[in-house]
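My notebook is open and I have a fresh structure to look through. I'll jot things down as I look them up.

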Amino acid sequence: RMCAVKERFVEKPNLPESKVTTAAVSGAYPEILEALKAHGIRCVTTEFDTRLPDPIAYHADMQMFHLDKGRTFVLRGEEALKKQLTDIGYQVAETAMTPEPKYPKDVLCNMLNLNGTVLANLGVMDPNIYTCLEDAGLKMRHVNQGYTRCATAVVAKDAIITMDLGIRALAQFLGIDVLLVHEENVFLDGYDYGFLGGCCGLIDKNVVAFTGKLDSLECAAEIRAFLEKHCVQYIELTQNQMIDIGGILPLMELDA
């Protein structure tokens, strides 16, 4: 008989310490879900939220915000997602506000929680999340970019890749190593292009998973060099063009 796998919550959002066993992912791309499953990752899958803009209505980083170990927010009324998160042991709170399909009313949950500091457009963040961050003693730093989480690929606790100048400036100020890229080859239906942060997520302490082929990007060589510099390996979940799915958000990991 197989002995049960011991799991624990990912303590610091976006920064697993061991092999990820469960992640929150868009339910729109079966081939990506299958590929994650093949890597031993169960998926908490999102459904289409009619209140969000169509192209990003499935995006996990639009529908939820991982606060800290075992605690997460979901958009008010996001019942199916809430149930899946509760089923794996998370305490789930809802946003105070209901999203609307026009920016900035759609980005209530879209913030980057990085190693105890939350980068976000503080003017458009949901008030319940704001209060909770204050209570938890997490530092908050303002950037103009409302889609902060989508716009940032997390490589390590002190290393990110972004296309956003404001995020780069703030992150550098905080002592984070930043690779700034200009990239228009990320596919996101309905937009000219998507964000790099929406195409990936760490699935182990030093392994990032990409939704498509790294070589489909203009800045593939720069990204490879940056990952190497930080001793991070990568896997490609498909051999297709890189696609912005709203991120791969690690939730549970092996209790090593």
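**Pockets, a cavity and two sheets**

I began with the second largest pocket, and its lining consists of Lys-12, Leu-15, Pro-16, Glu-17, Ala-156, Lys-157, Asp-158, Leu-202, Lys-205, Asn-206 and His-230. Note to self: this is a predicted model. I sorted that lining by class and got five charged, four nonpolar and two polar residues. The space in this second largest pocket comes to about 220 Å³.

Next I looked up the largest pocket, which holds about 270 Å³ of space. Its lining has 16 residues, and the ones nearest the centre are Tyr-147, Tyr-191, Tyr-193, Gly-194 and Phe-195. By class, the lining of the largest pocket splits into nine nonpolar, four polar and three charged residues.

Then I went for closed spaces. Why bother with a probe? Rolling one the size of a water molecule over the atoms shows where empty space is left. How many cavities of 30 Å³ or more does the structure hold? I found one. The largest cavity has a volume of about 80 Å³. I wrote down its lining: Pro-13, Asn-14, Asp-61, Met-64, Phe-65, His-66, Cys-109, Met-111, Asn-113, Arg-149 and Leu-249. Which strand gives the largest share of that lining? That is strand E4 (residues 64-68), with three residues. The class count for the largest cavity is six nonpolar, three polar and two charged.

Met-111 from that cavity lining turned up again when I checked Thr-148, since Met-111 is among the residues in contact with Thr-148. Where does Thr-148 lie? I found Thr-148 in the loop between strand E9 (139-142) and E10. Is Thr-148 buried or exposed? Its relative accessibility is 0%, so Thr-148 counts as buried; the cut-off for buried is under 20%. Leaving out neighbours within four places in sequence, I listed the contacts of Thr-148 as Asn-110, Met-111, Leu-112, Leu-119, Ala-120, Asn-121, Val-143 and Ile-167.

E10 took me to a sheet. Three strands make up this open sheet, in the order E10-E11-E12, with mixed pairing. Its edge strands, E10 (152-156) and E12 (177-180), each pair on one side only. Neighbouring strands in this sheet are turned by 20° against each other on average, direction ignored. Strand E11 (residues 159-162) and E12 run parallel, joined by four bridges. I picked out one residue: Thr-162 has Leu-180 in E12 as its bridge partner.

Two helices lie across this sheet's strands. Helix H5 (residues 165-173) lies across E10, E11 and E12 and runs at about 160° to E12. Helix H6 (residues 220-229) also lies across E10, E11 and E12, and I noted about 170° for its angle to E12.

Last entry: another sheet. Strands E13, E14 and E15 form an open sheet in that order, and its pairing is mixed. Which strands sit at the edges? They are E13 (200-204) and E15 (233-236), each paired on one side only. On average, neighbouring strands here are turned by 35° against each other, direction ignored. Strand E14 (residues 207-210) pairs with E15 in the parallel sense, over four bridges. For Phe-210, I found the bridge partner Glu-236 in E15.

Note on methods:
Residues numbered from 1 in each chain as written. Predicted model: local features only at pLDDT ≥ 70, side-chain atom pairs only at ≥ 80, totals over all residues. Heavy atoms only, no water. Pairing = 2+ DSSP bridges. Axes fitted to C-alpha atoms, helices over the stretch in contact; angles between N-to-C directions. Contact = heavy atoms within 4.5 Å. Buried < 20%, exposed > 50% of the residue type's maximum accessible area, 1.4 Å probe, protein only. 1 Å grid on protein atoms, 1.4 Å probe; cavity = no way out; pocket = protein on both sides within 12 Å on 5 of 7 lines; lining within 4 Å. Points joined across faces, edges and corners; volume = space filled by probe spheres on them. Nonpolar A, V, L, I, M, F, W, Y, C, P; charged D, E, K, R; others polar.
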